[in-house]
Structures are given as structure tokens and as C-alpha cells.
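Student: I should like a close look at one part of this model, followed by an account of what else the model shows. Please treat it as one connected reading, beginning with the part itself.

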Amino acid sequence: MSSVSGIRLPGLATGMDTDSTIKEMLKGEQNKIDKVKQKEQTIKWQQEIYREVIKDIQTLNDKYFSLTSKDSIVSSGSWNTLTVSSSNSNIITATGSAGANPVNYKFEVNKLASAGKGSSSTATNGKTIKKESSLEDLGLAGETIFKIKYGDGEGEISKSITIRTEPVMEKVLVDKVDVDGNPVKDADGNIIKEEKEVVKEAADTIDSLMKKINDATNGEVKASYSEMTGTFTLEGKKTGSSNGFMIVGDDGKTTSSSLDFLNLSGKDLNGKFTGTDSDIKIYGSDGNEIKDAPIDKNSNSFTIDGITYNLHSAKPGEVVELTSKQDVQPVIDNMKAFVEDYNKLMDKMYNLVTQKTNKDYSPLTEAQKEDMSEAEIERWEKKAKEGLLRNDQEMRKFIDDMTNSIFGDNMQALNEMGLTSHEDYNKKGQISLNEDKFRKSLETNADKVYDMFAKGSSSVMEKMKSTIKGYVGNSSSIFAKKAGIEKTASVANNFYSEQLKRQAETLKTLQRKMGDKENALYKKFSALEASMNKLNSQMSYFMQG
């Protein structure tokens, strides 16, 4: 084609296919661009595969190495081998933890521990308290500011709470309107503004008082109203006689009478709404009362000998029996599930670092894709992705580090408990669990198993957790620096992303050079067209003569 004012025209004078000719002449430049694009695609695939592995590791970590996960393998409770039964679970239940002692006790729950509480249905002026009642109607005069102190520690006090019998007003600029509600305009047609007083905050009611208290105390003291009983209640969060709350002045120290108009019950002579202790009797298997048991009577939950007891209701005179039996199956099932998931991860990673590269399948160019169906492209790219992480050093090191975290110097002890490295050489990094050995170890010495696997920073699981953190824990971890972890600073600042930036710069340079050469070629062919047109015109003139 020839180029005239930026518009390319076919070679009419020469009869040449200009576009095809120039395209053929630029084939060397296009090949360079295609190779850079193929390299860029390879790097993208490597990063994608790496990030998939990172997500797999994070999933394993969240499932088994988090204390709050139901499948946790690091929590004390996940190694509990005791099942505790209650003759009345409505009154008391119990759960064990690793190393818990057997249970065979009887409990008589006469009273639960309660939190400090103040309640009222009638104000001091005799008026009934309702949710919509204004505080002025109930006896509040003017404005008062107070705080609620719910502990003796620093910070165990609410924000300032202000309640008022008059609304808070503020002045705002609004559009001036006439008697018909139409905007009033000046000579230039602009709407005139006027100052108007509006309600910024309404006078307080029981409903707004509750909201202010709940917002200010962060759940440590709860204000509520029951329409069923017609009762307004303030109740602390912490139970027991050593806990409670007080209404104090804005200075946070002096007792305040700010809410006295509500006639709240439950306040002692010092102005404190104090909780009460539980009343429990415990009997041993011989029927004798255990009087010096270390019970935390401030709470309805306490732990003794690795057993956590939870009180649910009181029923004086009824004796509830708690007994335990050994049950190691939940621990075994959890360990088997962990081994299976862990081995799947190791299998995937080992395949990635050992898979051979398929040199016959490079990333497709745009031209190649034009002649293929989507299914063909998908099959091709699957082959092209094979072996992209072969012998990846960081991934191989992760497999080795995890293996060392598990066995380290504990190979023999773990083997005796049933945990070994996989006997198949092609399953490097994987582990095997001998269920019979593991069961026997739990049944005969559960404490030792727990100590080895999950107790303390030197245990197997804690070492594994630490290793995982070093590889995918944050933006400075090993895999983050290699491929980037989503939602961290490393997502755009990592080895692969830097390579992609360099490829993009190289591609931009090559495309610019090819564009310059293409334009130069079109100018030359345009000049040739012009010369041929002139020659044809001269030939035509001579022919006519």
C-alpha cells in the first residue's frame, strides 16, 4: 500500500500487494515481539501457579493452625481424649482439654453467678416508665452529664453521656420561600437564603437514653427495656461479687445521681450495682463434699484439672452427676484429615517442581490462536504450562523446611507414635499415619502425644505453623517476595511482577521500532507509486503522439 496524508492506499500503479509485501518484510520484527509476548505469558502463568499454591497453603493454615477453627490441630481442646457426660445438661456440662483428668463428681448448683443489675418500672415521681417516655416527664431536670464505671482498671469506664430535657438547636441556611412555598429570588434571579433554627438533637427519651448508654459502654453495660414486663434495666457484662458498675460524674470518680430519677433497684450503699457469686456444692465419687475445690465463683464457667465446667441454670437440691470416658477417635479423625490435606498440598508442590517442561508447546501467538478453536487453545495451554516451576528453589526449600519442622530431632519418637515420612520416594514431603500406633499412644499417654505434637513453640504443629508463616505470613515472606500475596503490598512488588514490568518495557520498545520501520516502508512504497503514476502518464502522452 502507499501512504497519502496518513491514509494507506493499495498499489494501483505498480500492481503490487503492498500490505502483504510490507508484512513479509516486517516478519523479523514481528517474531521478536511474539517471543517477548510468549515470555511475558510464561511469567504470568508462573505467577498464577505460584499464587494458587499460596492460597492452598493459606487454606491449610486457616483450617488446621488457627485456634478458632473447628478443625484446629493446635488448640488444647483438639487433643482432648475425654468425653464428659452430664445427668442434667440443662444445669451443668463440661468439656475436656489435652491432659485432662478423668471426671467422676456430683454437683449441686444452688445459684448462678450474676452481673450487677439495676431495674425499674416506675420513676421516683411515680410515673410509669415506657420506652417512649420523655426523661423530663420521668423527673429529669435540665441537662446532666455522667459516665458509667465498670471496673477499677484504667480505661474501664464509659465515654461521657449527656442527657437533656430540651432539644439541641442549630442555625442553618435554607432557601427562602413565599407563602405558596415557592423560592424567593433576587433581581439577578438567584435564590435568596435565610437563616433558620432547626432541631439538631431531640430531647431525650428512655429509647435515646438506652442508645447513648449502649454506644458509650461498648457492651460492658447493657441498657434495655422489656415491653412484656414494662421494666427498664441496666446490666453489667461481668458476673460475681467482685464485679459491678457505678454511675459517676464526668470526672470519672465521684458518684453521680444523674439517673436517680429512674428509681433503679439493686444499688448498694456505695452507689454500686454489684454482681453475686455462684453457690455450688461438689461431691466426690465417695459421696463426701469437696469443700476446698478451687472454683471461680465470680463466673459461671471455671476450669479445674483440664476440665472446663459450664453452669447453665440453678436448681437447689438437685444433684447432677458428671462422668467421663476416654474417647480418642475424634483426635484420630482430625489427625487423619490433616495428614490427607497436607499430603495433597505436598503432592501438588512436588509435581510442580519435578514436572518436565514440554518444549513442543510454547505460549500461542495471536496469529496461531486465530486458526484454533477455544477447546484446542485450552488443551494447548494446559500442555504449555507443564514444567514451568521445575526445580523452583523456593518451592523445593518449602517442602524440605516443612519436613524438617515435622521430624527434626524427633524422628524416632514420632515413629513410635505412628507418624512417619512416606515410604514412597516419589511422594517426597508427604507423611504417613499408622492409626493403630497413634491410637495406642493416645490411650496410654495422651499427655506425651499432646506435648510432642501441639504443646509449646517446640512442638511439631507450632514449628509447622511458624514455617508456613515464614513463607506466606505477610508481604515480606518468602513466597510473597517471589509471586506476591493478594491484599498485601507484595501483590505488585515481587519477583514475577518486576519481570513482567521489564517485559512490558521491552515490548513497548520493539513495537515502537516496528511501527517506525513500517511507516518508513509505506513512505518508500508511496514514493514508488508516485513515480509509477508519473511514468504511466508520460507513456500515455507519447502513445497519443
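**A helical span and the rest of the chain**

Tutor: In residues 493–520, 93% of the span is helix and 0% is strand, and the C-alpha atoms at the two ends of this span lie 39 Å apart. These values come from a predicted model. In UniProt, an unreviewed entry lists residues 493–520 as "coiled-coil region".

The next topic is the open space at the surface. The largest pocket holds about 590 Å³ of space. Its lining comprises 26 residues, and those closest to the centre of the pocket are Gln30, Asp34, Thr365, Glu366 and Ala367. Four elements give two or more residues to this lining: helix H1 (18–25), helix H2 (27–64), helix H5 (366–370) and helix H12 (495–544). Of these, H2 provides the largest share, with 10 residues. In terms of residue class, 13 charged residues line the largest pocket, together with eight nonpolar and five polar ones.

To place these elements in the chain, one may turn to the domain assignment. It gives domain 1 as 25–74 + 330–496, domain 2 as 82–113 + 277–326, and domain 3 as 117–167 + 202–273. Taken over C-alpha atoms, the centres of domain 1 and domain 3 are separated by 56 Å.

Two sheets deserve description. One is an open sheet of three strands in the order E4-E17-E16, with antiparallel pairing. Its edge strands are E4 (92–96) and E16 (301–304), each of which pairs on one side only. On average, and with direction ignored, neighbouring strands of this sheet are turned by 20° against each other. Between E16 and strand E17 (residues 307–311), which run antiparallel, there are four bridges. Ser301 has Asn310 of E17 standing opposite.

Another open sheet of three strands follows the order E6-E12-E11, and here too the pairing is antiparallel. Strand E6 (115–120) and strand E11 (221–226) stand at its edges; each has a single partner strand, so one side of each is left without a neighbour in the sheet. From one strand to the next, the twist averages 15°. E6 and E12 run antiparallel and are joined by five bridges. Within this part of the sheet, Ser119 stands opposite Thr233 in E12.

E12 also leads to the enclosed spaces of the model. There are two cavities of 30 Å³ or more. The largest cavity has a volume of about 60 Å³, and the residues that line it are Gly116, Tyr150, Glu220, Val221, Gly236, Lys237, Lys238, Asn243, Gly244 and Phe245. The elements that give two or more residues to this lining are strand E12 (231–239) and strand E13 (244–248). E12 contributes the largest share, three residues. Sorted by class, the lining of the largest cavity has four polar, three nonpolar and three charged residues.

The second largest cavity encloses about 30 Å³ of space. Ser72, Ile73, Ser78, Trp79, Val331, Asn334 and Met335 form its lining. That lining contains no charged residues; it divides into four nonpolar and three polar ones.

Returning to the part at which the reading began, residues 493–520 are 93% helix by span, and the name "coiled-coil region" for them comes from an unreviewed UniProt entry. Helix H12 (495–544) is one of the elements that give two or more residues to the lining of the largest pocket, while H2 supplies the largest share of that lining.

Note on methods
Residues are numbered from 1 along each chain as its sequence is written. This is a predicted model: local features need pLDDT of at least 70, side-chain atom pairs count only at pLDDT 80 or more; totals for chains, interfaces and linings use all residues. Side-chain values use heavy atoms; hydrogens and water are left out. On a 1 Å grid over the protein atoms alone, a cavity is a set of points where a 1.4 Å probe fits but cannot get out, and a pocket is an open set with protein on both sides within 12 Å along at least five of seven lines; lining residues have an atom within 4 Å of a point. Grid points are joined across faces, edges and corners, and a volume is the space filled by probe spheres set on the points. Ala, Val, Leu, Ile, Met, Phe, Trp, Tyr, Cys and Pro count as nonpolar, Asp, Glu, Lys and Arg as charged, and the others, Gly among them, as polar. Two strands pair if DSSP finds at least two bridges between them. Axes are lines fitted to C-alpha atoms, for helices over the stretch in contact, and angles run from 0 to 180 degrees between N-to-C directions. UniProt positions are given in the numbering used here, feature names are shortened, and annotations may be inferred rather than shown by experiment. Domain bounds come from an automatic or database domain assignment.
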